[in-house]
Amino acid sequence: MYLQSMIYGNPDYYPPMINAAEVFHQQHVRQLLLCLDFTSAIWPQPPINYPSSTQVVRLGPRVSNSFLKYLAFCGQTLRHTDRTADWLIAYNMHALVPARIATWLSRPRLAYHSHDYLENSDAHTLSTRLIKAFERLFARTAALVIVPDQARADLMARELNLPTPPVIVANAALHAPLQPSDRLAAALAERGYHFDKVVFRPGRVGRGHALDSTIRSLPLWANPRWGFVVMGPCPDEDRHWLEQLAVEVGVADRFVILPAVSYTQVLEYASGADLGHGLSEPIHVNNRFITTASNKIMEYIAVGLPLLLSESEGNRALVDAYDNGLIVSYDDPAAIAAGVNQILGDEQRAAALAAGSRRAFQEEFNYARQLTPVIERFKALIG
C-alpha cells in the first residue's frame, strides 16, 4: 500500500506522525510525506530521521504574506502529488484543501486525520473562516476521518456534519523505555538543581496549562526538595511571566524551565521523573477534550508515571479504568498540592499508580495497537 500524507506544518513537531511513519514501515506501507520546510525559532530541534519507507518532501514557499504562503504551499503540494498513491491523508484542515483537490485529479481515497480542531466560533480572521468553510465542505467527503479523542470526535461529527463517526486513534507513544534514564537528572544538575522528586511536564510552555496555579501550589508541597520541571519551547514573554511568579511566590529554586528536545528524547527525560503533570485549562476545545489527544499524557503512561490530571469526562474515565492517577482542580493551588502530596508522599500509592500506567500502555495506549486497525481498514477499502 502507498500513502501520500500532507500537513501544513512541520511533522517533526507532531509525535503521531513520527510514530505513524515507523508503524507504516513495520507493516510494509510506503509513504510520501509533503510538509512545510521550517524550524520554529523557539523549538530549534534537529530534523527527525524517518524510516526508509517514508520519503519526506519539505516545501518552502518563498513569500512572507501568510495567505500567499498558504496558496503557494497548496500549489507546490499539488505539483508533488503522486497519482499512484492509494490514499491521501490530510493531517490538518489547511492540508485538507490540497488533498481534496488532489483526489479529484487522481482518484485515490481521502482520509482526514485531524490532530487539533478549531471550533467554528473560534475562526476570527477572514482567512481562517475561509479554511473552516472548506473543512466543513470537504471533511464529510473523506472516506475516513481520524481523531485522537472521543469527545473531540463527537464535537467534530456534529459541527462538520460527518456522515459516519470518526475513528479514534489515541496520540500514544510507540515504545516504552526499558529502564529509567538519568538525562533529566543530568540536565537539572548542569543547572545546579538537585531534587528528591520531580513533577514533570514536557511540551509547549505557556498559558492554558495551569502552570501558574502549580507554581502557587509549591509552598504547600510536603517536601521542599520536590521540584516542578517543565521542558519545551517557551516564548520570552511566558518565560518572564512564570519565572517572575516563582520569585514572587518564593519558589524560584524549585521551578525550572528546560529547553525543548527532539521528540525522540522526550520519553528518556520523562522516565526520570516521578509524577506527570497533565493539567489543562478549558480555554478551547483542544484543552477541554484532551485525554487521549495529549501527547504528554500518553508519554507519562508509556514510561509508567502516575498522572495528575484536571477534571474532564475523558480524564476521569482514564484514571477510573487504570487507577493510574488523580483528578484535581486546575485552578486551585491547595488541591494541586494535595494531589502531589498524596502521590509523592506515599511510595506504595505512587507505585500502584505507576503500575496502572504501565498496564494502560501494554493493553491499550501504544501507537501500534492504536493505528493498526486503521491500516487494516485502509487496505480493506482499496481491496
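Me: Glu-243 catches my eye in this predicted model. Is Glu-243 buried, exposed or partly exposed?
Reply: Glu-243 has a relative accessible area of 36%, so Glu-243 is partly exposed. The partly exposed range runs between 20% and 50%.

Me: Which residue does Glu-243 form a salt bridge with?
Reply: Here is the general idea: side chains of opposite charge can pair when their charged atoms come close. In this model the partner of Glu-243 is Arg-239, with 3.5 Å between the closest N and O atoms. Both residues belong to helix α8 and sit four residues apart, about one turn of the helix. Arg-239 is partly exposed too, at 26%.

Me: How many salt bridges are there, and which parts does the pair Asp-238 and Arg-207 tie together?
Reply: The count comes to 10 salt bridges. Asp-238 and Arg-207 meet at 3.8 Å, N to O. Asp-238 is in helix α8 and Arg-207 in the loop between β8 and α7, so this pair links parts 31 residues apart in sequence. Asp-238 is buried, with a relative accessible area of 12%.

Me: Let's turn to pockets. How much space lies in the largest pocket?
Reply: Rolling a probe the size of a water molecule over the atoms shows where empty space is left. Here the largest pocket holds about 1,400 Å³. Of its 50 lining residues, the closest to the centre are Tyr-13, Tyr-14, Asp-116, Arg-204 and Asn-295.

Me: What is the lining like by class, and which element supplies the largest share?
Reply: The lining has 23 nonpolar, 18 polar and nine charged residues. Helix α11 gives the largest share, four residues.

Notes. Residues numbered from 1 in each chain as written. Predicted model: local features only at pLDDT ≥ 70, side-chain atom pairs only at ≥ 80, totals over all residues. Heavy atoms only, no water. 1 Å grid on protein atoms, 1.4 Å probe; cavity = no way out; pocket = protein on both sides within 12 Å on 5 of 7 lines; lining within 4 Å. Points joined across faces, edges and corners; volume = space filled by probe spheres on them. Helix = DSSP H or I, 4+ residues; strand = E, 2+ residues; numbered from the N terminus. Nonpolar A, V, L, I, M, F, W, Y, C, P; charged D, E, K, R; others polar. Salt bridge = Lys/Arg side-chain N within 4 Å of Asp/Glu carboxyl O. Buried < 20%, exposed > 50% of the residue type's maximum accessible area, 1.4 Å probe, protein only.
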